Amino acid sequence: MTVLPCPTCQKPVAAEAPNLPAAFPFCSERCRLIDLGRWLGEEFKIPARIEDTEESEEGEPPLP
Ligand SMILES: [Zn+2]
């Protein structure tokens, strides 16, 4: 029997072909969404940094 750790909570997930969890390789749909949210959170951090310069309304001074 093959057992893989859930990427989110490290709980062992049985990887038997007929009994694969719907959220495989995650142990549950909840862990799948947690991991998905983690990825989305990382992506949202990138535009958030750009918004740092939102105070300049009329053209930004050129960067050095
Ligand atoms: Zn899990």
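Contact here means heavy atoms within 4.5 Å. By that yardstick, residues 24 or more positions apart account for 9% of the contacts in the protein with a separation of 6 or more. The structure is a predicted model, in which local features need pLDDT of at least 70 and side-chain atom pairs count only at pLDDT 80 or more, while totals for chains, interfaces and linings use all residues. Residues are numbered from 1 along each chain as its sequence is written, and side-chain values use heavy atoms, with hydrogens and water left out.

The overall layout is quickly told. The protein has one helix and two strands, and along the sequence they come in the pattern β-β-α. Both kinds of element are DSSP runs numbered from the N terminus (helices are H or I with at least four residues, strands are E with at least two). Strand β1 covers 3–5, β2 covers 12–14 and helix α1 covers 29–50. Of the 64 residues, 12% count as buried; the scale runs from buried (under 20% relative accessible area) through partly exposed to exposed (over 50%), using a 1.4 Å probe and protein chains only. The exposed surface of the protein comes to about 5600 Å², and carbon and sulfur atoms supply 59% of that. Such areas come from the Shrake-Rupley method with a 1.4 Å probe, and for residues only the protein chains shown count as cover.

Then there is the zinc ion. Its protein donors are the SG atoms of C6, C9, C27 and C31, sitting 2.3 to 2.4 Å from the metal. Donors are N, O and S atoms within 2.8 Å of the metal (3.2 Å for Na, K and Ca); water is not among the atoms, so sites may look incomplete. Along the chain the donors are spaced as C-x2-C-x17-C-x3-C. C6 belongs to the loop between β1 and β2 and C31 to helix α1, so this pair ties together parts that are 25 residues apart in sequence. Both of these cysteines are buried, C6 at 0% relative accessibility and C31 at 4%. The angles subtended by the four donor atoms run from 105 to 115 degrees, which makes the arrangement tetrahedral. Four donors earn that label if all angles lie between 85 and 135 degrees. For four tetrahedral donors the ideal angle at a metal is 109.5 degrees.

The loops bring a couple of backbone features. In the loop between β1 and β2, Q10 has a phi near 65 degrees, a positive value in a residue other than glycine. Q10 is also exposed, with a relative accessible area of 51%. Further along, the peptide bond from F24 to P25 is cis, with omega near 10 degrees, and P25 is part of the loop between β2 and α1.

F24 turns up again on the surface, where it forms a nonpolar patch with L4 and L20, the three having about 230 Å² of accessible area together. Patches are made of residues with over 30% relative accessible area and no salt bridge, like charges being joined within 9 Å and nonpolar side chains (Val, Leu, Ile, Met, Phe, Trp, Tyr) within 5 Å. L20 is found in the loop between β2 and α1 and is partly exposed, at 41% relative accessible area.

As for charged pairs, searching the whole structure turns up two salt bridges, each being a side-chain nitrogen of Lys or Arg within 4 Å of a carboxyl oxygen of Asp or Glu. One joins E29 and R32, with N to O at 2.7 Å. These residues are three apart in helix α1, so about one helical turn separates them. E29 is partly exposed at 39%, and R32 is partly exposed at 32%. The other joins R38 and D35, whose closest N and O atoms are 4.0 Å apart. Again the partners are three residues apart in α1 and about one helical turn separates them. Here R38 is partly exposed at 44%, whereas D35 is buried at 15%. Leaving aside neighbours within four places in sequence, D35 is in contact with T8 and F26.

Finally, the chain start. M1 sits in the segment before β1 and is exposed, with a relative accessible area of 74%. M1 nevertheless touches A14 and E16, not counting residues up to four places away in sequence. M1 and A14 are 13 residues apart in sequence, with their C-alpha atoms 7.2 Å apart in space.

Terms used:
Tetrahedral: all angles 85-135°; square planar, octahedral: opposite > 155°, others 65-115°.
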